[in-house]
Structures are given as structure tokens and as C-alpha cells.
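Biologist: I am new to this structure. Could you take me through it, one question at a time?

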Amino acid sequence: MASGTNLDAVQAQARAEAAAKTVFPILLSISFCHLLNDTVQSLVPAIYPLLKASFHLNYGQVGRIALTLQLTASLLQPVVGLYTDRRPQPYSLAVGMGITMIGLLAFAMAPTYVSILAAAAFVGIGSAVFHPEASRVARMASGGQHGTAQSLFQVGGNAGSAIGPLLAFLFIKGQANIAWFSFLALLGIVLLANIGAWFRNSRSHHPKPVVADPEHLASLGLAHPHVALSTQQIGWSLAVLVALMFSKFFYLASLMSYYTFYLMNKFHLSIQNAQLHLFLFLGAVAAGTFIGGPVGDKLGRKLVIWCSILGVLPFTLVLPYANLFWTSILSVIIGLILASAFSAILVYAQELMPGRIGAVSGLFFGFAFGMGGVGAAILGKLADLTSIDFVYHVCAYLPAIGILTAFLPDLGPAKVHQPKTAPA
């Protein structure tokens, strides 16, 4: 009887999710808040040249700023996601943005290198609190179009990442100017408080998810396609996804943290012109982000992952040998192709572990931030020991790790099937 009740609950929940309509006002709002959050995040790499000159830093010290920001975010995000899976915190979104605002003000007033690191830690903590619950809100408002919703959510973040360097170019002429961007965080706090109210009310009208035995559900034809996988297969698939994330974000660290230095060193551009090229690259990342979700919903996540990770390899191999014109073109192509992977990887992982949305989101967002930070620190040290040009020659081979996609099982778009009926 208990098993039957459990099964009925899962069936009812699955049908309710499939029938739900996409809540576009909430999706657009959370995407815009992601834009605000990541605009603030991307200000930090954009002001590295300013900080390097003001505090007389070397590349290794610049890398440690990135490591502090990214590592605080990466370590806390899985913890936040795991906690909120059990005890959702609708208003934690606004709290996270508030912590980010504190970090911004600290950057503007920091008198020493140590205080700069503390400011970076605050921004990282704010991001760690924001992302897992924001990803859950996007999924709740998706109406079953999980890939599309995650892509829309990611577009906001990547658009913010592109806007940040442009705003830095236009408005940040000195360290104190950073304080003006706290108003963006304040706007985010107001919007996220309203989203938190929707989140709380939405949960109060829906029963808590019930998880039944996957093998029993599969035997009744009532499961997502992935439930037939063994625990070992799921673990191996997650390991492959982590390796792909390493490839993607370690390479992106070379562009996001050191692209301006690379352009200034190789082509003798000014800081402002180098920031404009970074804006073009990040704009391409934002434009390419939306592709992965809808295509993954229709054709499967694995195809998107194949094309995004391994498909970018020819362009990364050519980039270190290109002149300024082709460097700009290639960086845009790389951004467009590589950007489509994250939404597909994240939704693929969520489908592997459907009862752990917050933990999975926190793990993968955290790993993304962690790889960005660790990559920035390692590549900064490598640049000090060799040259910034050598860094791009080494990183060019990272997308070859995409060959591991062959070991991922094929998961079609997740669908819930009706129980099989015996013939009369």
C-alpha cells in the first residue's frame, strides 16, 4: 500500500510538472538578476590591470585574487545547494546579493592587497548563495522545458559577464568608482525579494517531491529515461561531466582572466582597447549560451556537449598563431561554440539525479567557479615563469578532453511515461 501511494505521488507530481506552464515573468526576472550578479562578478577581472598597477602586483598575485573569488564560490555552492534541497530558503537570493554588494564596497575602499582578497571573498560568497537557489527557481518556472529555462537563466549571467568589462571601460577610472556599481546590487536585492515571495508561495501550493524506488518505477514504465542506469554508471557519467567542465572552464579562465594582458602584450593594445576585445568575446559567450538548452531539449544533451567541447578544438589550436584581426574573430567563434555546453551539462546532471536539483546545481556551478579560480592562479604562475603567449599555446589543447563525451549514455529529453497496461 505504501509503495502504491508513493508511486501515485510520483506519477501525480510528474504529470503536474508536465502540465505546468512556463512562468516567463519569473524566468525573465531571475535571468535579469543573474545579469546583475554576473555584471558585478565580471567587474573584478576587468579591473585586474588597474589593481595590478595600483598595488604593484605580479601575475601570480592577480591570479590569487581570482582564486580567492572563485574558490569561495566553488566551495560554498554545493553546501548551499545540499542544504536548500532539504530546507529551501526563498529569501536567500536577496541575502546573497546583499553580500555581493558588501564585497563591491570593500573593493572600492580597500587600502591593501589583503583587503582586496577579502573583498574578492565577499563577492564569491554572495555568488555561492545566489546560484543554487536561482537555478532551482529557473527549473520551477520552466514548465518542463528545463534546458530552455537553464539557457535563458545562463544568458542573463553571460550577458552580465559581457557588460561588466564594457562598464568598467566606460566608468571605472579609479578604484573608488567601483562603489557606484553597488546600486546594481541594490536593484538585484529588490527584485530577488519579490522572486523569493513567488518561490515561497509556489512551494506552499505544491506537495514536496516524493522519490520512489527507481527500479520499481522503471519496471512500470513510469520513469525518466536515465533511471535504468546503475549507480556505477551514474557515478561514471558525473565524473565525465566533471572532466568536461574542467576542460571548458580551465580554458575560459585563460580568456576571462588574461585575455586583456595577452592582447596588450602581443599586439600592444591599450587597457581600454583590450577591455573592448574582452567585451566582444564575452558578448559571443552570452549569444552562444542560449543555443545549448533548446537544442538539448529537442535533440538530446549529448549532441550539444559533443559539438560544444570537442568542436571548438580546431579554433583554439589556431588562436595563438593569429594576428589581431583573426584573434578577434576566433575568440568570438570560440565563445559562441563553447558557451552552449554548460546548460546542456547542467540539465544532463540534473536528469541523472532528479531529486538533488540544488546539490547538483551547487556542485556544477561551484566546480565552474572553482576551475575558473584554480585555472587563473595556475595560469598566472605559468605566465610569470614563461610568458603569457605560452599560456595560450598550452591551453589550446584542453578541448581535446571532449572526446570523453563518447562514454556518456544517451539521455533523450526527459519524458514521463504512462504505466503499461496488460492486454485484455
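**Questions and answers**

Modeller: Let me start with one residue: leucine 93 sits in helix H5, residues 92-109. Bear in mind that this is a predicted model.

Biologist: Is leucine 93 buried or exposed?

Modeller: A residue is called buried under 20% relative accessible area. Leucine 93 has a relative accessible area of 0%, so it is buried.

Biologist: Which residues is leucine 93 in contact with, leaving aside its neighbours within four places in sequence?

Modeller: One of the partners is isoleucine 30. Leucine 93 and isoleucine 30 are 63 residues apart in sequence, and their C-alpha atoms are 9.8 Å apart in space. The full list for leucine 93 is Ile30, Phe130, Glu133, Ala134, Val137, Leu192 and Ile195.

Biologist: Which residue meets glutamate 133 in a salt bridge?

Modeller: Glutamate 133 lies in helix H6, residues 113-140. Its partner is in H6 too, 3 residues apart, about one turn of the helix. The closing distance is 2.6 Å, N to O, and the partner is arginine 136.

Biologist: Are arginine 136 and glutamate 133 buried or exposed?

Modeller: The cut-off for buried is under 20% relative accessible area. Arginine 136 has 10%, so it counts as buried. Glutamate 133 has 0%, so its class is also buried.

Biologist: How many salt bridges does the structure hold?

Modeller: One joins arginine 136 and glutamate 133. Another joins aspartate 410 and lysine 302, with the closest N and O atoms 3.7 Å apart. The total is 2.

Biologist: How many residues apart are aspartate 410 and lysine 302?

Modeller: This pair links distant parts of the chain. Aspartate 410 is in the segment after H17, and lysine 302 is in helix H12, residues 301-309. The separation is 108 residues.

Biologist: Which residue of that pair is exposed, and which is buried?

Modeller: Exposed means over 50% relative accessible area, and buried means under 20%. Aspartate 410 has 63%, so it is exposed. With 12%, the buried one is lysine 302.

Biologist: Where on H12 do the buried residues lie?

Modeller: The buried residues of H12 are Arg301, Lys302, Val304, Ile305, Ser308 and Ile309. They cover an arc of only 160° around the axis, so they lie on the same side of H12.

Biologist: What arc do the buried residues of H17 fall within?

Modeller: Helix H17 spans residues 388-395, and its buried residues are Ile388, Val391, Tyr392 and Cys395. They line one face of the helix, because seen down the axis of H17 they fall within an arc of 95°.

Biologist: What separates the C-alpha atoms of isoleucine 26 and tryptophan 198?

Modeller: Isoleucine 26 is in helix H2, residues 24-46. With a relative accessible area of 11%, isoleucine 26 is buried. Outside its neighbours within four places in sequence, isoleucine 26 is in contact with Val137, Ala141 and Trp198. Isoleucine 26 and tryptophan 198 are 172 residues apart along the chain, yet their C-alpha atoms are separated by 8.3 Å.

Biologist: What share of the contacts with a separation of 6 or more joins residues 24 or more positions apart?

Modeller: The protein has 17 helices and 0 strands. Of its 424 residues, 55% count as buried. Among those contacts, residues 24 or more positions apart account for 86%.

Biologist: Which element gives the largest share of the lining of the second largest pocket?

Modeller: About 160 Å³ of space lies in this pocket. Helix H3 (48-54), helix H7 (146-171) and helix H11 (271-299) each give two or more residues to its lining. By class, the lining has 8 nonpolar, 2 polar and 1 charged residues. The largest share, 3 residues, comes from H11.

Biologist: What is the phi of histidine 268, and where does the residue lie?

Modeller: Histidine 268 is exposed, since its relative accessibility is 69%. It lies in the loop between helix H10 (231-267) and H11. Although histidine 268 is not a glycine, its phi is positive, at about 60°.

Biologist: In which loop does histidine 56 lie?

Modeller: Histidine 56 has a positive phi near 55° and is a residue other than glycine. Its relative accessible area is 69%, so histidine 56 is exposed. Its place is the loop between H3 and helix H4 (59-86).

Definitions and conventions:
Residues numbered from 1 in each chain as written. Predicted model: local features only at pLDDT ≥ 70, side-chain atom pairs only at ≥ 80, totals over all residues. Heavy atoms only, no water. 1 Å grid on protein atoms, 1.4 Å probe; cavity = no way out; pocket = protein on both sides within 12 Å on 5 of 7 lines; lining within 4 Å. Points joined across faces, edges and corners; volume = space filled by probe spheres on them. Helix = DSSP H or I, 4+ residues; strand = E, 2+ residues; numbered from the N terminus. Nonpolar A, V, L, I, M, F, W, Y, C, P; charged D, E, K, R; others polar. Buried < 20%, exposed > 50% of the residue type's maximum accessible area, 1.4 Å probe, protein only. Arc of directions from axis to C-beta. Salt bridge = Lys/Arg side-chain N within 4 Å of Asp/Glu carboxyl O. Contact = heavy atoms within 4.5 Å.
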